[in-house]
Every structure is written in structure tokens, then in C-alpha cells.
Amino acid sequence: MSLQFEIIAGIDQGKQLTIHPGPGMIIGRGSAAYYQVNDPRTSRSHCEVTLQGEQVTIKCLGGSGGTFVNGQKIQQQNLKLGDVVQVGDTQLRLQVGDEPLDVALAPIQAAGQPPQPKKQPDPNKLETLVGTTLSHYEIVQVIGTGRSGIVFFANDTRDNKPVALKILLPEFAKNEEDIQRFIRGIKTMLPLRHPNLVQLYGAGKTGPYCWIAMEFVAGENLRQVIERIGVAGMLDWRNAFKVAVQIGRVLEYAHGQDIIHRNVTPTNILRDAPSKVVKLGDLMLAKAMEGILAQQITRPGELVGEVEYMSPERTRGTTDIDHRSDLYGLGATLYALLTGRPPFTGSTLVEKITRIRQDEPVPPTKFQLSIPHPFEGLVLKLLAKDPDGRYPSATALLQDLDRIGKVHGITV
């Protein structure tokens, strides 16, 4: 039986370290450490690991802040499978090598963290989690709801920062295949970084809840912006242009990682109030909720997402879509930013879908004369019924946006 540490929290999250027989295997950030970590809060020679037979022993070497096992500070201790060692901000779980990941993704309660409150929430009513602590997140208030779960504003008690904590409905945690898919999605998405992508801080399963901790964007989503436009008048086309560039850039990045978002809508695009930067959210769910997980939240004949912003091919319920469906979603969002309404509406679901598949959108200049024709043409091209009629890639879209920006003196 081989043994290994898997780093489950910290800068090196996801890395696996094989444990070899004998003493002298030092964990630290120094060049002489056998297991080098990039954690700045870890000492150069933080602790020592020894494997004799099948017994793993860890000994603190005086590392800054100490060495913890399952949240308790230790000087020397024998480890058993599943134990979590913490050095600095890095957490390492002892497990059998090459075995499937279990579902205990959530880092353990940090040393010195207050105990969980006694209040017992109702697992079937996620809103009752307000006022409780999940893992190391103090849940303050609901900031958004969706078909798959609820997004809360929460305080990260370990890193002392605000987060958006998305908690999925408990049924997502009932199937082992779904949990493994969730884990794979997390491992894929954690390393992704882009200035126009809502950053993923971590994810896990605590009790009956699968959760995702994300960057908290202090502002509003574009759906709220569009609702104001519908009442107060049109948005300056230059602001829609800036959204097109920023979301085009993050789609280029995501598509380069072979990730299709599948639900590019105004609700999933957030605008930071201080900087006016827009960020695409829910990219992690696009990967983690493929297949069975996504199907669980639908009923026969239902569609998941904001139908008005779906590409024609998505309305057919097919899974055979590609990155051009994301470009359609961006086009529909830009159209709504320019006109105050999505390109196709209807009083029933059937009417909406029929128009998306068959009707041509009213040109945005019918609502706002100041829109330059090249930018209007760009938006209408994104809304082509046939994917072959759209831009072949986000890169090609950005090239046209760059030309328009230069003509009108707009930099993003």
C-alpha cells in the first residue's frame, strides 16, 4: 500500500506528494525541503515526515505558527488515514496513493476557530443557513437565488475577507458519481485566473451541503442594469462595447481551456461598482455540473437558464453545442444592454423559443440611433441562427472590437 499527502488547501492545492520510507522528509518552502511548498507562511524547514512500515509520523521543527493535525497544535504525532496536517495556510491530507478522491474536500476547521453555532438549519431550506457557520464561512445574508442553490454573502474567518458562498441544493450530494464529477470540476477550475473571471477560492462538501466559495463582487449584475435601462432610457453604446471586450476576453480564455460556459446571461455577468470592471461568474458550475448534475435540476421538457438569452441550438435541449453558443449569449446580452430588452420575448415559453429559432431581431438602432453601424452589425452577427454565421471564435470577435474601438477612440 502506497501512501501520499494530497494538498487540499493553500497555493499548491491539488498537488499530490508520495511518502517514501525512512526519516528526513522535510516539508517547507526552502530549497532543502523534500516536499517544497510555495506557501509564504510556511517556514523553510517547517516539519519532518517519517514513514516506518505503514506508520507515518510527523514532527514539528519549530516552523512559524506551529504544525497542526486535525486543527490541534502538535509537536510530534502518529498519523492515520484521513488526518489533515496544516503548516502555514497549507493543508495536507494523508491518503492511500492512487485511490479515488473522497468527498471531504472542505478544509478542516482552522486552529482557534470558534465552534459551530448550535442553531440547526433545515437542509431542505437553504435560507435557514443565515446566521450559521459552514466550514470556516460565517453566513450573513442571501444575495442571490437560482435553480441549483443559493448564493450568500459570507465572511471567511480563516482569511478574514468577504466571499460569495454558493451552496447547492442537498440533492446534489446524494449520488457518488455526481460528487466525483463535482470534485473533478473543482480541480479543473481552481487554477484558472483572469481579471474578468469571478475568482474561485475553494469548494467542498460539509455535511449535506456542497459549496463553492467565490470572489465577492461589490456591485450589481447586468440584469439589474438592463432593468434600469428599460425604465430610465438607453445605456450609452460605449458601455455595452466595453462589456463586449471584457467578456470577449474571458471567453477567449475559457474556450482556450476547452471550457464552454453554456449560460452567458446578464445575471451571470457582474459589474464591480468601484472599478466598473465586469466579471463572468458561474464558470465553475459549467464544468462541475455537466451531465447528471445538470439534469437533476430539470423536469422533462424544461430548460435550465434564462431562455431569452439561449442560442437556438440550446433551446433544442441538445448537449452538442460549442463555444459559439457562448458567443450568442454574449450577443443577446449586448442587445439587451443597448435596447433595454432581450432580442426575443414572448408571453409563453413556446412563443419565446419559436421566436429565438425563427425570427430576426429588430436592429438595435431602431431603439438607439447613436449606435455605430459596425457595432450594431457585430451584435447582429453574434445573434445569427446558424452557429456558422457567427464569429468562429472569441479571438475573431475581439479583432473586430479592436477595429471599432480604434475608430471611435475607445480603450478598455
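Colleague: Which element gives the largest share of the lining of the second largest pocket?

Modeller: In this predicted model, that share comes from strand β16, which supplies four residues to the lining of the second largest pocket. Besides β16, strand β1 (3-9) also gives two or more residues to that lining.

Colleague: And how many residues line that pocket in total, and which lie nearest its centre?

Modeller: The lining has 24 residues, and A9, G10, I11, Q13 and Y201 are the ones nearest the centre. The volume of this second largest pocket is about 510 Å³.

Colleague: Where does β16 stand in its sheet?

Modeller: The sheet is an open one of six strands, ordered β12-β13-β14-β15-β17-β16, with antiparallel pairing. Strands β16 (200-206) and β12 (133-134) are at the edges and have a single partner strand each, so one side of each has no neighbour in the sheet.

Colleague: What about the middle, how many bridges hold β14 and β15 together?

Modeller: Strand β14 (residues 149-156) pairs with strand β15 (residues 161-168) over eight bridges, in the antiparallel sense. Within that pairing, N155 is opposite P162 of β15, while F152 has L165 as its bridge partner. The hairpin that these two strands make has four residues between the strands, and N160 there takes a positive phi near 55°.

Colleague: Is β15 mostly covered or mostly open?

Modeller: Strand β15 is mostly covered, since six of its eight residues are buried. Strand β15 is also joined by five bridges to strand β17 (residues 209-215), and these two run antiparallel; in that pairing A164 has M214 of β17 as its bridge partner.

Colleague: Switching to K125, where is that one found?

Modeller: K125 sits in the loop between β11 (90-96) and β12. The C-alpha atoms of K125 and I150 are 9.9 Å apart in space, although the two are 25 residues apart in sequence.

Colleague: Why do you call K125 partly exposed?

Modeller: The relative accessible area of K125 is 45%, and because partly exposed covers the range between under 20% for buried and over 50% for exposed, K125 belongs in that class.

Colleague: There is another set of strands further along, so what does β19 pair with?

Modeller: Strand β19 (residues 269-272) is joined by three bridges to strand β18 (residues 219-221), running antiparallel, and three bridges also join β19 to strand β20 (residues 278-280), again antiparallel. Residue L270 takes part in both pairings, standing opposite N221 in the one and opposite K279 of β20 in the other. Between β19 and β20 the hairpin has five residues, and K276 takes a positive phi near 65°.

Colleague: OK, now the interior: which residues touch the most other members of the largest nonpolar core?

Modeller: Those are I247, L337, F375, L378 and L401, in a core of 69 residues. Helix α3 (residues 237-256) contributes the most to this core, giving 10 residues. Apart from this core there is another one of 21 residues, including V37, C47, V56 and V85.

Colleague: And what is L378 in contact with, leaving aside its neighbours within four places in sequence?

Modeller: With those neighbours set aside, L378 contacts Y391, L397, D400, L401 and I404. L401 is itself listed with L378 among the core residues that touch the most other members.

Colleague: How many cavities of 30 Å³ or more does the structure hold?

Modeller: There are two cavities of 30 Å³ or more, and the second largest of them holds about 40 Å³ of space. Its lining includes R262, N263, Y309, M310 and R314, and helix α7 (residues 323-339) provides the largest share of that lining, with three residues.

Colleague: Last one, what are the totals for the chain?

Modeller: The protein chain has 10 helices and 20 strands, and 52% of its 412 residues count as buried. Its accessible surface comes to about 18,900 Å², with 49% of that belonging to carbon and sulfur atoms. Among contacts in the chain with a separation of 6 or more, 57% are between residues 24 or more positions apart.

How values were computed: Residues numbered from 1 in each chain as written. Predicted model: local features only at pLDDT ≥ 70, side-chain atom pairs only at ≥ 80, totals over all residues. Heavy atoms only, no water. Core = buried A, V, L, I, M, F, W, Y, C linked by side-chain atoms within 4.5 Å. Buried < 20%, exposed > 50% of the residue type's maximum accessible area, 1.4 Å probe, protein only. Contact = heavy atoms within 4.5 Å. Areas by Shrake-Rupley, 256 points an atom, 1.4 Å probe, with all protein chains shown as cover. Pairing = 2+ DSSP bridges. 1 Å grid on protein atoms, 1.4 Å probe; cavity = no way out; pocket = protein on both sides within 12 Å on 5 of 7 lines; lining within 4 Å. Points joined across faces, edges and corners; volume = space filled by probe spheres on them.
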